[in-house]
Structure formats: C-alpha cells, structure tokens
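I set out to record what I looked up in this model, entry by entry. I took charged pairs and then the surroundings of the ligand.

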Amino acid sequence: MVKFSRELDNNYLLLNKNMNKLSNKVALITGASRGIGRAIAIEFAKAGASVLINYSSDDKGAEETLEEIKKLNGYGAIIKGDIAKYDTCQKIVEEALRLMGKLDILVNNAGISKIGLFMDATEEEINNVINTNLLGAMYLTKHVVNHMVSRKCGNVINISSMWGEVGASCEVLYSSSKGGLNLFTKALAKEIAPSNIRVNCIAPGVINTKMNSFLGEEEKKSLEEEIPLGRFGDSSEIGKLAVFLASEDSSYITGQVIRADGGFV
Ligand code: NAD
C-alpha cells in the first residue's frame with residue numbers, strides 16, 4: 001500500500017513537471033487538422049501551451065483536434081488559412097495576435113507530398129509542392145518573426161523529412177522542398193539567434209499518417225523491413241520531440257535538423 005502511494009506521487013509529480021514545460025506559451029501549428037500536426041498540438045496542450053490550430057480545408061479534422069485539446073483541459077482556437085499564400089499568412093498571424101496577444105512558438109508542419117517521376121511533373125505540381133512545403137513556411141515565419149524579434153524571444157520548429165537530407169527517387173519535388181526547409185532552418189537560426197529566437201527542424205522518417213495511406217499492405221511490410229527499428233513512427237513521437245525543442249530543456253540547441261526516422265537513413 002505504501003509503495004503504491006509513493007509511485008502514485010512520483011507519477012503525479014512527473015505529470016505536473018511535463019505540464020509546466022510550455023505553460024504560458026502560445027503556439028501556432030500549421031496543418032494541425034490531422035496527422036503529425038494534430039499530435040504536436042495535443043502534446044503541446046499536455047505540456048500546458050495554448051494552441052492555435054491552422055489548416056487549409058478539413059474543417060471537421062480541425063474541430064476534432066480542438067476537441068482533443070479541450071478534453072485535456074487545454075486552451076486552443078482554430079485559424080483556417082492556406083499557408084501557400086503570402087497575404088493569407090499575414091492574416092493568420094494578425095488573427096493569432098488578436099486572439100492571444102502574442103506568439104511564442106511557431107511550428108511549420110503543413111506539407112504535401114507528390115510521388116512520381118520528375119520528368120512527368122507539371123508546372124502546377126512543382127509550384128504546389130514548393131509553395132506549400134517551402135515558401136509557405138517562409139511566408140509564415142517572416143510574419144511571425146517580425147513579432148518575435150520585437151519581443152526578443154521565440155521558437156520556430158520546422159517539420160521537414162529525412163528525404164530532405166538524402167533525397168528520394170520519385171519524390172524529387174518533395175525532397176527538394178524539404179532540403180530547402182533544412183537550410184532555411186540553419187541560416188535563419190544564425191540570423192535571429194541574437195534576438196533570442198531559436199530555429200530547429202525535425203526530419204521524420206516514415207510516420208503512420210494519412211500521407212502514407214496510399215501504401216498497400218505488402219509495400220508497408222517491405223518498407224518496415226528497411227527500417228532498423230522495424231516499424232513506422234507514431235505521430236506522438238514527433239509531438240514529444242517538438243515539445244522538447246519548444247521547451248527550455250533544449251535552450252542551447254538552435255539551427256539543428258534532428259532526424260526521427262527509426263535509423264532509416
Ligand atoms: P497529413 O497529410 O496527414 O497532414 C497534412 C496537414 O497539412 C493537414 O492538416 C492539411 O490540412 C495541412 N495542409 C496541407 N496543405 C496546407 C496548406 N496549404 N495550408 C495549410 N495547411 C495545409 O500529413 P502528415 O503525415 O501529418 O505530415 C505532416 C508534415 O510532416 C508534412 O510537412 C510532411 O511532409 C512531414 N512528414 C511526414 C512524414 C510521414 O511519413 N507522414 C514523414 C516525413 C515528414
């Protein structure tokens with residue numbers, strides 16, 4: 001009985017410690033209506049942050065993310081908007097500041113993939129991938145960083161991909177956009193470190209989300225066999241890493257691309 005009480009106390013303390021990691025912080029997360037973005041939103045809410053959920057079209061998904069946050073007694077709001085458009089990014093940031101009064105953390109998570117031979121890619125496909133995955137993150141960061149620099153604090157986390165480091169056949173557009181995001185992270189981190197703003201990047205491997213729902217059972221199995229840890233990652237594993245990068249636990253880390261890929265590349 002005594003042992004049980006002590007374990008309970010320890011667990012309670014641990015929970016409280018995690019809850020405080022991002023308390024009083026306001027985070028804007030793009031593409032948070034599902035998948036990795038939703039998982040980051042949930043982990044941030046568990047850590048005590050107020051969360052602004054951005055997405056482009058899935059109203060129901062965004063509502064579900066907000067419901068999950070409410071169930072955790074967290075605080076959140078939804079801001080719909082296509083981050084691939086410069087003016088929309090400005091409006092998203094204005095709305096975020098109107099709702100919360102400040103922004104401490106930006107997570108550039110929204111992204112799209114395009115599988116196919118580069119020589120078959122259309123102008124529209126090239127523009128869509130680069131606009132969403134690279135330019136969208138730049139547009140939004142530009143508007144957010146103006147606010148962060150004036151406050152002399154802030155934290156930006158970009159979600160790229162392991163393919164942005166090593167390149168993938170039949171994912172040339174995607175790999176290029178994510179490689180750009182990696183270098184955007186490194187260069188911007190150096191430029192705005194004097195304003196006490198950290199910029200880091202998570203490069204996930206294969207994560208179990210709708211983005212990979214096109215894979216058949218056989219394809220999934222053979223892909224898993226290529227991953228040293230023998231499985232796809234879970235979105236919550238990226239969410240927890242994002243909490244670490246957003247919190248004071250990583251206070252001396254900036255300009256880094258951190259791979260979470262089960263040892264794949
Ligand atoms: P997903 O397709 O499940 O979700 C993508 C999210 O981005 C959705 O909420 C969607 O509404 C949003 N979005 C797309 N275009 C947008 C736009 N123009 N404006 C605003 N929101 C937009 O994808 P996911 O698997 O959760 O991936 C999230 C991020 O992680 C992406 O950047 C992706 O490239 C990256 N990533 C995913 C994997 C993986 O295996 N799933 C691996 C490496 C990197």
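Entry 1, charged pairs. The model is a predicted one, and I began with Arg98, which forms a salt bridge with Glu95. I noted 2.9 Å between the closest N and O atoms of this pair. Side chains of opposite charge can pair when their charged atoms come close. I then looked up where the partners sit: Arg98 and Glu95 both belong to helix α4 (residues 86-100). They are 3 residues apart, about one turn of the helix. My search of the whole structure returned 13 salt bridges.

Entry 2, the shell around the ligand. I found 29 residues surrounding the ligand, with Ser33, Arg34, Asn109, Tyr174 and Thr209 as the closest. I sorted the shell by residue class and obtained 12 nonpolar, 14 polar and 3 charged residues. I also asked which elements each supply at least two residues of this shell. I list α2 (35-46), β2 (50-55) and α7 (172-192).

Entry 3, polar contacts of the ligand. For the side chain of Tyr174, I recorded 2.5 Å between an N or O atom and an oxygen atom of the ligand. For the side chain of Ser33, the corresponding entry is 2.7 Å from an N or O atom to an oxygen atom of the ligand. At Gly205 I noted a backbone N or O atom, which lies 3.5 Å from an oxygen atom of the ligand. On its own, the ligand has 830 Å² of accessible area, and the protein covers 94% of that area.

Entry 4, the site. I looked up which pocket the ligand takes, and the space concerned is the largest pocket.

Methods:
Residues numbered from 1 in each chain as written. Predicted model: local features only at pLDDT ≥ 70, side-chain atom pairs only at ≥ 80, totals over all residues. Heavy atoms only, no water. Near = heavy atom within 4 Å. Polar contact = N/O pair within 3.5 Å; in protein donor to acceptor, adjacent residues only side chain to side chain. Areas by Shrake-Rupley, 256 points an atom, 1.4 Å probe, with all protein chains shown as cover. 1 Å grid on protein atoms, 1.4 Å probe; cavity = no way out; pocket = protein on both sides within 12 Å on 5 of 7 lines; lining within 4 Å. Sits in = over half its atoms within 2 Å of the grid points. Helix = DSSP H or I, 4+ residues; strand = E, 2+ residues; numbered from the N terminus. Nonpolar A, V, L, I, M, F, W, Y, C, P; charged D, E, K, R; others polar. Salt bridge = Lys/Arg side-chain N within 4 Å of Asp/Glu carboxyl O.
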